[in-house]
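Let's take a friendly walk through a protein model, starting with one helix and its neighbours. Keep the 3D view open as you read.

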Amino acid sequence: ADPARAAYSWLLHGVWMRRVRNDPTQAVPLYHKAAERGNAQAQHNLGYCYANGLGVEENLDAAVMWYRKAASQGLAGAQHNLGLSYLSGHGIPTDYEEAVTWYRRAAEQGHSASQVGLGRCYENGWGVQRDHAMAAKLYQAAAEQDDTIAQYNLASAWYHGRGVERDFEKAAYWYGRASDRGDIDATYNLGCLYFHGRGVPPDRSHAVALWHRTAEHDNQYGVLNLGLCYEHGWGVDVDLEKAREWFLHAADLNAEGAAEGLARLADRNV
């Protein structure tokens, strides 16, 4: 058996030994050997190392070169990263139409991140005519694969009626899916839906619980809303001291409305 081929074979399938995980410099030479032999996954991995300075000095030009080699062989991950490079102008001049081309090739293979990237292009008119309906369709495809960004974007499309008929119930469903996967903005928005009873039964106590989760991540809107809830007794018992604590926290986060909340409490000698 070819020792070099055996060495990079287990690397390409993700069976990383501890020493390689701890020191990417040991992986790069193996990727190089495999990439020079035309292995698409090794070419992609090598491009990723160059793009992120993992085990090698960062070199965006080299990253794009290796992404292109792998993308030309049909590897969806490489097609995605090449599209992202064109979109961001990292290692290559910005070209939205080329970004769309490569995103589309990967998206057609079911690559969820590329479906999101292509959806963003349609949503913003980057390299294609703006088409919110197509964007929502692409977000739907990726959301069904548990892509958190897609779930959030799809929820927002349903909430605002962009490319789909406005539907708060579907917005709540997809915000909930994204929230379950840890998306803090989705958690905040889901709290707003429960607070106002849009698409879900009104439940201000649950809204407060959701905003508490966002506050743990210093989401300024969730922090501010907690101050308001404790001030007015929305979903919790009135507690002006807690309201003041949350408004102070919101002020530290430069949340608009925090100063006004503190002024109202000061008027009440809190």
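## A helix and its surroundings

Start with helix α6: its buried residues are covered by parts that include α4 (40-52), α5 (60-72), α7 (96-107) and α8 (112-124). Bear in mind that you are looking at a predicted model. Helix α6 itself runs over residues 76-88, which makes 13 residues. From its first C-alpha to its last it reaches 18 Å, close to the 18 Å expected at 1.5 Å a residue.

Is α6 mostly covered or mostly open? It's mostly covered, with 10 of its 13 residues buried. Among the buried ones are A76, H80, L82, Y86 and L87. Here's a handy idea for looking at any such helix: an α-helix has 3.6 residues a turn, so residues three or four places apart point the same way. Right after α6 comes G89, with a positive phi near 75°.

## The nonpolar core

Now look at the largest nonpolar core, which has 76 residues. Which of them touch the most other members? Those are L46, L82, L118, Y175 and W211. Helix α5 gives this core its largest share, seven residues.

You've already met L82, one of the buried residues of α6. Y175 is worth a closer look too: leaving out residues up to four places away in sequence, its contacts are Y152, A155, S156, Y159, A186, N189, L190 and L193.

## Rings and charges

The model contains eight aromatic pairs. One of them joins F195 and W211, with ring centres 5.5 Å apart and planes at 35°, so this pair counts as tilted. It links distant parts of the chain, as F195 belongs to helix α12 (residues 184-196) and W211 to helix α13 (residues 204-215), 16 residues apart. Both F195 and W211 are buried. They also belong to one aromatic cluster together with Y188, Y221 and W234.

Rings can have charged partners as well. The charged end of R105 sits over the ring of W102, 4.3 Å from its centre. In another such arrangement, R166 lies over the face of Y159, with 5.4 Å to the ring centre. You may recognise Y159 from the list of residues that Y175 touches.

## Two cysteines without a bond

How many disulfides does the model have? The count comes to zero. A disulfide is a covalent bond between the sulfur atoms of two cysteines. Take C192: the closest cysteine sulfur, in C229, is 9.8 Å away, so the two are too far apart for a bond. The cut-off for a disulfide is 2.5 Å between sulfurs. C229 is also buried, with a relative accessible area of 1%.

## Two unusual backbone spots

Most residues other than glycine have a negative phi, and most peptide bonds are trans. That makes the next two residues worth finding in your view, as D146 has a positive phi although it isn't a glycine, and so does N254.

| Residue | Phi | Loop between | Relative accessible area |
|---|---|---|---|
| D146 | about 70° | α9 (132-143) and α10 (148-160) | 34%, partly exposed |
| N254 | about 60° | α15 (240-252) and α16 (258-267) | 67%, exposed |

So where do they sit? D146 is in the loop between α9 and α10, while N254 is in the loop between α15 and α16. As for accessibility, D146 is partly exposed, whereas N254 counts as exposed.

Notes. Residues are numbered from 1 along each chain as its sequence is written. This is a predicted model: local features need pLDDT of at least 70, side-chain atom pairs count only at pLDDT 80 or more; totals for chains, interfaces and linings use all residues. Side-chain values use heavy atoms; hydrogens and water are left out. Rings of Phe, Tyr and Trp (its six-membered ring) pair if their centres lie within 6.5 Å; planes under 30 degrees apart count as stacked, over 60 as edge-to-face and the rest as tilted. Helices (H or I, at least four residues) and strands (E, at least two) are DSSP runs, numbered from the N terminus. Buried means under 20% relative accessible area, exposed over 50%, partly exposed in between (1.4 Å probe, protein chains only). A charge sits over a ring if NZ of Lys or CZ of Arg is within 6 Å of the ring centre and within 35 degrees of the ring normal. The expected span of a helix is 1.5 Å times one less than its number of residues. Contact means heavy atoms within 4.5 Å. A nonpolar core is a set of buried Ala, Val, Leu, Ile, Met, Phe, Trp, Tyr and Cys residues joined through side-chain atoms within 4.5 Å.
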